[in-house]
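Could you walk me through this model, one selection at a time? I have the viewer open and would like to know what to pick next and what is there.

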Amino acid sequence: MISPAAAQSTALKGVRVLTLALNLPGPAAVMRLQKMGAKCTKLEPLAPSGMVTSDPMGIYKPAAYEVMHKGLKVLQADLKSERGQAALHKQLAQTDVLITSFRPSALVKLGLAWKELHKRYPALCVVSIVGAPGERAEEAGHDLTYQADSGLVNGLVMPPSLYADMGGSLFATEAVLQALLLRQRPGRTFCKGVFYEVALSDASAYLALPRTWGLTVPSGDVGGAHAGYKVYPCKNGRVAVAALEPHFAARLCEAAGLSKEAAKQMHKRSTHEGIATFLASQTRAQLDKLASSKDIPLHTLQR
């Protein structure tokens, strides 16, 4: 029997991935592909004088760059030059999957349009990471604009994470797996390369679906309307409570000294106030103990 960890590390053994993708989504996807056992190589533009990389992530956040590129073979070449093109095609000749993050017009200029690549390398699969799908792929954008378009930016507060970029990296990883499966499936795609376009805006929209469905808006059960699913202040910090199911809600209300009826009225203001009053009187240590002893889903936080 193969352990889950071992299976993950060998699932893509023998698969050769070449990435030209910079910044976050592409490198994050390749980081995951490496963990699945793929042999990955990155071809970056030539580094500016005095620097070791031209990847923006390597310049403004070297620590993140190091994590994503650990164990990755990194080469450099100017793809606009004959020498750079020679280096690129040397790699492509021995590649199963190519990952890019350029706009379609840039791919054309570099001789990397899908039709041209497919004709020259029939078995090569390509995953193209773009900002928005189809005709919008030429539009300028970034994680923040895609999140804003998906309704994930509230007021003037910056999102706590790069959801579009990280979601896009998972979409790209999924696309690689789909392409490889299609290439080995009997039929018209057997032994033939497959092209996938992955749009960061689509990834952001997918992650935003709970909000689109009304689940995480203020009136939604997981947006603050349910008294058992909120962040409250406690005596020396905060506590994230996730007592959403009736049995969890009942345990929370019992601990708070509320009636059994309150557990059936988790949207009432009085229930919110009762739970808030109880939690405000408790320390983080007390609440951690309560969670363990009463099997209540909550997590304490610092202020």
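**Stop 1: Arg-303**

Leaving aside residues up to four places away in sequence, Arg-303 touches Cys-234, Lys-235, Asn-236, Gly-237 and Arg-238. Keep in mind as you look around that this is a predicted model. To find your starting point, go to the segment after strand 9, where Arg-303 lies. Is Arg-303 buried or exposed? With a relative accessible area of 70%, Arg-303 is exposed, because exposed means over 50%. Now draw a distance from Arg-303 to Lys-235: the two are 68 residues apart in sequence, and their C-alpha atoms are 9.7 Å apart in space.

**Stop 2: the largest nonpolar core**

Next, select Val-17, Leu-33, Val-97, Ile-99 and Val-127. Of the 26 residues in the largest nonpolar core, these five touch the most other members. Which elements give two or more residues to this core? They are helix 2 (25–35), strand 4 (97–100), strand 5 (125–130) and helix 9 (163–184). Colour helix 9 separately if you like, since the largest share of this core, six residues, comes from helix 9.

Another core lies apart from this one; it has 22 residues, including Ala-227, Cys-234, Val-241 and Met-266. You have already met Cys-234, as one of the residues that Arg-303 touches.

Back in the largest core, centre the view on Val-97 and show its contacts. Not counting residues up to four places away in sequence, Val-97 touches Arg-16, Val-17, Leu-18, Leu-124, Cys-125, Val-127, Val-176 and Leu-180.

**Stop 3: along strand 4 to Thr-100**

Stay in strand 4 and pick Thr-100, which has its place there. Thr-100 counts as buried, at 1% relative accessibility. Show what surrounds the residue: beyond the four places on either side in sequence, Thr-100 touches Leu-20, Ala-21, Leu-107, Val-127, Ser-128 and Ile-129. Val-127 is also on the contact list of Val-97.

**Stop 4: Ala-172 in helix 9**

Move on to helix 9 and select Ala-172, which is found there. Ala-172 is buried, with a relative accessible area of 0%. Which residues does Ala-172 touch, not counting residues up to four places away in sequence? The answer is Ala-29, Val-127, Ile-129 and Val-198. For a distance to draw, try Ala-172 to Ile-99: 73 residues separate them in sequence, and 8.3 Å in space, C-alpha to C-alpha.

**Stop 5: helix 2 against helix 9**

Show helix 2 and helix 9 together. Two packed helices are described by the angle between their axes and the distance between the axes. Here the angle is about 50° and the axes of helix 2 and helix 9 are 8 Å apart. That makes helix 2 oblique to helix 9. The crossing of helix 2 past helix 9 is right-handed.

To see the contact itself, select these side chains:

- from helix 2: Pro-25, Ala-28, Ala-29, Arg-32 and Leu-33
- from helix 9: Asp-165, Met-166, Ser-169, Leu-170, Ala-172, Thr-173 and Val-176

Colouring by class, you will find eight nonpolar, two polar and two charged residues in the contact of helix 2 with helix 9.

**Stop 6: helix 2 against helix 4**

Keep helix 2 on screen and add helix 4 (residues 62–69). These two helices pack at an angle of about 35°, and their axes are 8 Å apart. Pro-27, Ala-28 and Met-31 of helix 2 make this contact with Val-67, Met-68 and His-69 of helix 4. By class, the contact of helix 2 with helix 4 divides into five nonpolar residues, one polar and no charged.

**Stop 7: loops and backbone angles**

Now turn to the loop between helix 9 and strand 6 (195–199), and pick Cys-191 there. Phi of Cys-191 is near 65°, which is a positive value in a residue other than glycine. Cys-191 is partly exposed, with a relative accessible area of 48%.

For another positive phi, select Asp-295 in the loop between helix 15 (284–294) and strand 9 (298–301). Its phi is about 55°, although Asp-295 is not a glycine. Asp-295 is partly exposed, at a relative accessible area of 45%.

Finish at Gly-151, in the loop between helix 8 (143–149) and helix 9. Gly-151 is partly exposed, with a relative accessible area of 30%. One last distance to draw is from Gly-151 to Lys-192: they are 41 residues apart in sequence and 39 Å apart in space, C-alpha to C-alpha.

Methods: Residues numbered from 1 in each chain as written. Predicted model: local features only at pLDDT ≥ 70, side-chain atom pairs only at ≥ 80, totals over all residues. Heavy atoms only, no water. Core = buried A, V, L, I, M, F, W, Y, C linked by side-chain atoms within 4.5 Å. Buried < 20%, exposed > 50% of the residue type's maximum accessible area, 1.4 Å probe, protein only. Helix = DSSP H or I, 4+ residues; strand = E, 2+ residues; numbered from the N terminus. Contact = heavy atoms within 4.5 Å. Axes fitted to C-alpha atoms, helices over the stretch in contact; angles between N-to-C directions. Parallel < 35°, antiparallel > 145°, perpendicular 65-115°, else oblique. Left-handed = near helix turned anticlockwise from the far one by under 90°. Nonpolar A, V, L, I, M, F, W, Y, C, P; charged D, E, K, R; others polar.
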